[in-house]
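Let's take a friendly walk through this model together. Have the viewer ready, and we will go from the inside to the surface.

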Amino acid sequence: MASLICGSVAYDTIMNFEGKFADQILPEQIHILNVAFLVPTMRREFGGCAGNIAYNLHLLGGDPIIMATVGGDADPYLHHLQALQIDATHIRQINDAFTAQAMITTDQSNNQITAFHPGAMNESHLNLVSRVVDERTQSKKGQAKIGIVAPDGRQGMWEHCHQLANAEIPFIFDPGQGLPMFNGPELLELIDLASYLAVNDYEGEMLAKRTGMSLDKIAERVKALIVTKGAEGAEVYSGSKKIAIPPVPAAKVVDPTGCGDAFRGGLLYGLENGMDWETTGRLASLMGSIKITHQGPQNHKPSKDEISAQFKTAFGFHF
């Protein structure tokens, strides 16, 4: 069974400033701010929600299909996916645009200044769910039985939710940092199209405020609402039940970037394989815990057997 993953494919350029931003910014001169930071270390990571989710689902042995738009500079990323044997057939390359890029500078106090360029991501609506369905049918590959709409261009998120519903493919609506792009009625329309809804606790509060509805009421509109709570684990609202998902303590905390995407890779694997929410949530929690011990969103490389062993150690049973 395959999962169709709609969302961003991006580069994360991460730089470290060895001082403190506060020492370089004069509050009384903020109206004429003109500063430069020397960043002696820099690294470039493969990122973006769709790329990260697919990477984690692949680690579990799932079958991710990425549907995204990238720029003319995306060849290294595409070669990376090809080496992993992740289906990138439906990643559209737009040569006169840049791939979406986050440029992050962190100081000694872990304060961050981030510039994000959406680039080709803004053209994500050019991709059609129907083309994926047709191609998988013609090539006799396994059809996508589950999908996810993760943060992407606004029009792309809107259209892909409607297209998945029209194709009768159940999907997770994962608005993430794209949530502020939609007003309350628009969010409710997309939630009603989805089978599942995934947010973190902050996004859950924002969602409740924008829609004027409590999370309990929102949960009644989907098969399950998943709320991640960082180091506190997660909660799954399903039917009349609220299921507490325990966290998996990390061996060390190195970098939280991409932990939410790792969690969603676990969700998709559980849904692909018909697992109950208690097991699915725990697997998702473990994937986030594994990711946080590594720098960057796609540098953890456990085998499925290693993931299975860690799951057994953490929870006392196999998934």
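**From the core to the loops**

Leaving aside neighbours within four places in sequence, I66 is in contact with I5, V9, A50, G51, A54, L81, I86, D87, H90 and I91. Keep in mind as you look that this is a predicted model. I66 itself sits in strand β4. Its relative accessibility is 0%, so I66 counts as buried. For a sense of distance, try S130: I66 and S130 are 64 residues apart in sequence, and their C-alpha atoms are 14 Å apart in space.

One of the contacts of I66 is L81, and that residue takes us to helix α3. This helix spans residues 75-84, and in it Y77, H80 and L81 are buried. Why do these three belong to one side of α3? They cover an arc of only 95 degrees around the axis, which puts them on the same side of the helix. The general background is that an α-helix has 3.6 residues a turn, so residues three or four places apart point the same way. The cover over the buried residues of α3 includes β2 (10-16), β3 (41-47), α2 (49-59), β4 (63-71) and β5 (87-94). On the face of α3 turned away from its buried side you will find the exposed residues H79, Q82 and A83. After the helix comes Q85, with a positive phi near 65 degrees.

Now move to helix α2, where N52 lies. Is N52 buried or exposed? With 4% relative accessibility, N52 counts as buried. Its side chain has a polar partner: the side chain of Q298, at 2.9 Å. Not counting residues up to four places away in sequence, N52 touches F46, G47, G258, D261, P297 and Q298.

Next, the surface. Here I30, L33 and V35 form a nonpolar patch, with about 250 Å² of accessible area together. Of this patch, I30 can be located in the loop between α1 (21-24) and β3.

Finally, have a look at two backbone angles. Most residues other than glycine have a negative phi. K140, though not a glycine, has a positive phi of about 60 degrees. You will find K140 in the loop between α4 (129-138) and β8 (144-149), and its relative accessible area of 77% makes it exposed. E168, also a residue other than glycine, has a positive phi near 60 degrees. E168 lies in the loop between α5 (154-166) and β9 (171-173), and it is exposed, with a relative accessible area of 72%.

Technical notes:
Residues numbered from 1 in each chain as written. Predicted model: local features only at pLDDT ≥ 70, side-chain atom pairs only at ≥ 80, totals over all residues. Heavy atoms only, no water. Buried < 20%, exposed > 50% of the residue type's maximum accessible area, 1.4 Å probe, protein only. Helix = DSSP H or I, 4+ residues; strand = E, 2+ residues; numbered from the N terminus. Arc of directions from axis to C-beta. Contact = heavy atoms within 4.5 Å. Polar contact = N/O pair within 3.5 Å; in protein donor to acceptor, adjacent residues only side chain to side chain. Patch = residues over 30% accessible without salt bridge, like charges linked within 9 Å, V, L, I, M, F, W, Y side chains within 5 Å. Areas by Shrake-Rupley, 256 points an atom, 1.4 Å probe, with all protein chains shown as cover. Salt bridge = Lys/Arg side-chain N within 4 Å of Asp/Glu carboxyl O.
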